[in-house]
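Got your viewer open? Here is a short tour with a handful of selections to make as you go.

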Amino acid sequence: MNSSLKQLMKSLLAPAFPGGIITFLIFYFDYFQFELVEQFLLFAAFVIVPLVILLLNYDDKNKHQQMVYTAMKWLQYPAALLTLTSIMSSKMWGFASTAIPGVLSLGWLLFTLLLGIYGLNTIMISRGKATEIAIGAGLVYFFIGGIWFTLYQYQLNLFQANPATHALSSLHFHFSSAIVPIFIGALGRIMTKKSWYPWVVAIDIIGPILIAIGMIFSKPVEYIGVTLFACNIVVYTAYLFAYLRKNSLDKKATFFLGLSCLAFYTVVVISIFYPLLRNMYTLTILDFIPIYGSLHAFGFVLCGVIGWVYMVDSLRKNALSTDS
């Protein structure tokens with residue numbers, strides 16, 4: 001086995017490499033006739049979730065938590081493959097009008113249930129620590145995203161929401177709703193505690209719920225949720241950017257977390273200038289959705305998760321060297 005292959009296998013990001021290859025094929029080959037929202041959902045299942053699992057801590061003395069963590073590590077990839085099979089059965093194999101896509105989607109639903117159980121367990125043993133509550137809430141939101149995905153694959157109508165809304169809700173909970181609380185919780189582990197931090201966590205937990213309710217029942221509620229959630233991300237990125245500038249940290253962590261912040265700021269700038277660009281180049285919101293989605297998923301989320309994985313590894317190494 002050559003040295004480059006050995007280094008690849010030893011990489012912190014190794015759990016996401018097989019899924020990364022599959023995701024690349026899904027995005028760039030016309031053989032996979034998927035909607036953009038489905039492509040991003042598969043990206044979350046194959047790449048984002050295994051990286052998030054690397055961020056989690058568990059108590060060696062808590063056998064229940066350790067068991068669930070082990071199950072998540074082993075079942076993530078099979079569950080992601082079932083998710084891919086579910087979408088392929090509805091989009092490519094002619095089973096869209098049957099229950100087969102929905103049945104296959106239950107694999108991802110059960111896996112996200114494990115994430116939710118782990119999240120609830122994290123909250124219960126957190127002893128009121130806002131950092132762990134934020135991370136636990138993010139994991140619970142993955143489960144809610146799994147519910148929406150299953151509703152989408154069964155093509156069910158719920159309240160006033162149609163399957164297209166279910167797909168967008170699932171995407172919302174797999175990315176922003178789940179990821180931002182985990183990011184804010186990870187930040188809370190390294191920052192000097194501020195009196196405003198618990199309020200950021202509270203708003204970050206409430207915001208996604210308001211957005212989800214608003215998407216189905218009330219646009220004003222959705223706007224309030226989006227505004228609160230966006231303000232929270234501004235606080236997170238501003239504090240993190242300042243922290244990275246002032247502290248000497250792992251270079252890889254600093255690089256990827258910096259890219260994550262810049263990706264978010266780019267989205268903000270494009271949003272501000274969207275009306276001008278629309279008039280100058282006769283563009284519609286549909287032209288901007290792939291740009292927003294790519295910057296958010298590949299920039300803010302992916303770079304952020306990679307950065308925090310390297311940060312957690314660096315902190316663990318420092319703790320071990322201190323103890324020795």
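Before the first stop, one bit of vocabulary: helices are DSSP runs of H or I at least four residues long, numbered from the N terminus. Keep in mind that this is a predicted model.

**Stop one: the largest cavity**

Which helix gives the most to the lining of the largest cavity? Select α9, which puts in 3 residues. Now add α7 (163–190) and α8 (197–216) to α9 (219–246): each of these helices supplies at least two lining residues.

For the lining itself, pick I184, L187, W196, Y197, V200, V235, Y236 and Y239. The space they surround comes to about 40 Å³. Colour the lining by class and you get 8 nonpolar residues, with no polar and no charged ones. Tyr counts as nonpolar in this scheme, so Y197, Y236 and Y239 fall into that class.

**Stop two: the other cavity**

How many cavities of 30 Å³ or more does a search of the whole structure find? There are 2, so the next selection is the second largest.

Select L41, A45, T83, W108, F149 and H174 to show its lining. The volume here is about 30 Å³. By class, this lining has 4 nonpolar and 2 polar residues, and again no charged ones.

**Stop three: an aromatic cluster**

Go back to Y236, which you picked for the lining of the largest cavity. Y236 also belongs to an aromatic cluster, so add F183, F241, F264, Y265 and F300 to see the whole group.

**Stop four: two ring pairs**

Rings pair here if their centres lie within 6.5 Å, and by that rule the count comes to 22 aromatic pairs. Try F27 and F40 as an example. Stacked, tilted or edge-to-face? The ring centres are 5.4 Å apart and the planes sit at 65°, so the pair is edge-to-face; the cut-off for that label is over 60 degrees.

Zoom out a little and show the helices: F27 is in α2 (residues 17–28) and F40 is in α3 (residues 36–55), so the pair links distant parts of the chain, 13 residues apart. F40 is buried, at 6% relative accessible area, because anything under 20% gets that label.

For the last selection, take F255 and F256. This pair is edge-to-face as well, with 5.2 Å centre to centre and 80° between the planes. Is F255 buried or exposed? Its relative accessibility is 51%, so F255 counts as exposed, the cut-off being over 50%.

Methods:
Residues numbered from 1 in each chain as written. Predicted model: local features only at pLDDT ≥ 70, side-chain atom pairs only at ≥ 80, totals over all residues. Heavy atoms only, no water. Phe/Tyr/Trp six-rings, centres within 6.5 Å; stacked < 30°, edge-to-face > 60°. Buried < 20%, exposed > 50% of the residue type's maximum accessible area, 1.4 Å probe, protein only. 1 Å grid on protein atoms, 1.4 Å probe; cavity = no way out; pocket = protein on both sides within 12 Å on 5 of 7 lines; lining within 4 Å. Points joined across faces, edges and corners; volume = space filled by probe spheres on them.
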